[in-house]
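Got the viewer open? Let's take a short walk through this molecule, one selection at a time.

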Amino acid sequence: DDDGRASMRNLLAGVEYLVIDEADRLLGKAFEKEIESCLDLLMAEDREELPAWLFSATFPKSIEPRVDHVLKRLGGSAPLRISCSNADRVVGEEVSASLQKRLNHGMSSTATTLQQIGPASTINLRTIRLDVPKRTQVLRRLLEDNPEWDRVLVFVATRYAAEHVARKLRRVGIESAELHGKLDQDARSRRLKA
């Protein structure tokens, strides 16, 4: 008995693309056994490659060997790495020092191309570090002082925090809606279109 692996392999035979969100976590040690098991099922004997997209807000160097291993198992050519950062920029022909250092030394063995992009020209990326009790007050002030900001994304650590901040903003008359992983896709789409 194969514990249902044959039927699972048949079910997964039609998969054309593999998308891994939060790749830094899923490709870490905590999920290594599960990911390897999934790769065994996905990469049947007759499949040579499976196109994959890995998404992560952070990609620590410590998991790059693991990423290389997973990408080699999936076959295909060397990956294209796209990174979006405010610190690493290409402006005209000038390359920032941090980007040049990464281009010279920081590439993983399988990543042959690094396409570096900054925020879109319509996006003003800003980071402000504050003590926890002051965060919502400062956010409220920024939103009230900048009425031209008609769409603002605020990232917080938890679903509870997202709901809490949105509720506090609505209480003072600022239109807001939380987005988090517990919402279904229709609810997320409605909130983004509002």
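Select aspartate 24 and show what surrounds it. Setting aside its neighbours within four places in sequence, you'll find aspartate 24 in contact with Ser56, Thr58, Pro60 and Ile63. Keep in mind that you're looking at a predicted model.

Now zoom in on the side chains of aspartate 24 and serine 56: a polar contact of 3.0 Å joins them. Colour by helix, and you'll see that aspartate 24 sits in helix H2, residues 23-26.

Is aspartate 24 buried or exposed? It's buried, and yet it has no salt bridge. Select arginine 25 too: that's the nearest side chain of opposite charge, 5.0 Å away. A salt bridge needs the charged atoms within 4 Å, so this pair doesn't make one.

Next stop: helix H7. Select residues 159-171, which make up its 13 residues. From first C-alpha to last, H7 reaches 18 Å, close to the 18 Å expected at 1.5 Å a residue.

Which residues of H7 are buried? Pick out Ala162, Val165, Ala166 and Leu169. Turn the view until you look down the axis of H7: these buried residues fall within an arc of 95°, so they line one face of the helix. Here's the background: an α-helix has 3.6 residues a turn, so residues three or four places apart point the same way.

Add helix H6 (135-145) to your selection, and you'll see what the buried residues of H7 pack against. Then swing round to the other side of H7, where Tyr160 and Arg171 are exposed.

Last pick: glycine 173, just after H7, which takes a positive phi of about 90°.

Key
Residues are numbered from 1 along each chain as its sequence is written. This is a predicted model: local features need pLDDT of at least 70, side-chain atom pairs count only at pLDDT 80 or more; totals for chains, interfaces and linings use all residues. Side-chain values use heavy atoms; hydrogens and water are left out. Helices (H or I, at least four residues) and strands (E, at least two) are DSSP runs, numbered from the N terminus. The expected span of a helix is 1.5 Å times one less than its number of residues. Buried means under 20% relative accessible area, exposed over 50%, partly exposed in between (1.4 Å probe, protein chains only). The arc is that of the directions from the helix axis to the C-beta atoms. Contact means heavy atoms within 4.5 Å. Lys and Arg count as positive and Asp and Glu as negative; His and the chain ends are not counted. A polar contact is a pair of N or O atoms within 3.5 Å; within protein, one must be able to donate a hydrogen and the other to accept it, and residues adjacent in sequence count only if both atoms are side-chain atoms.
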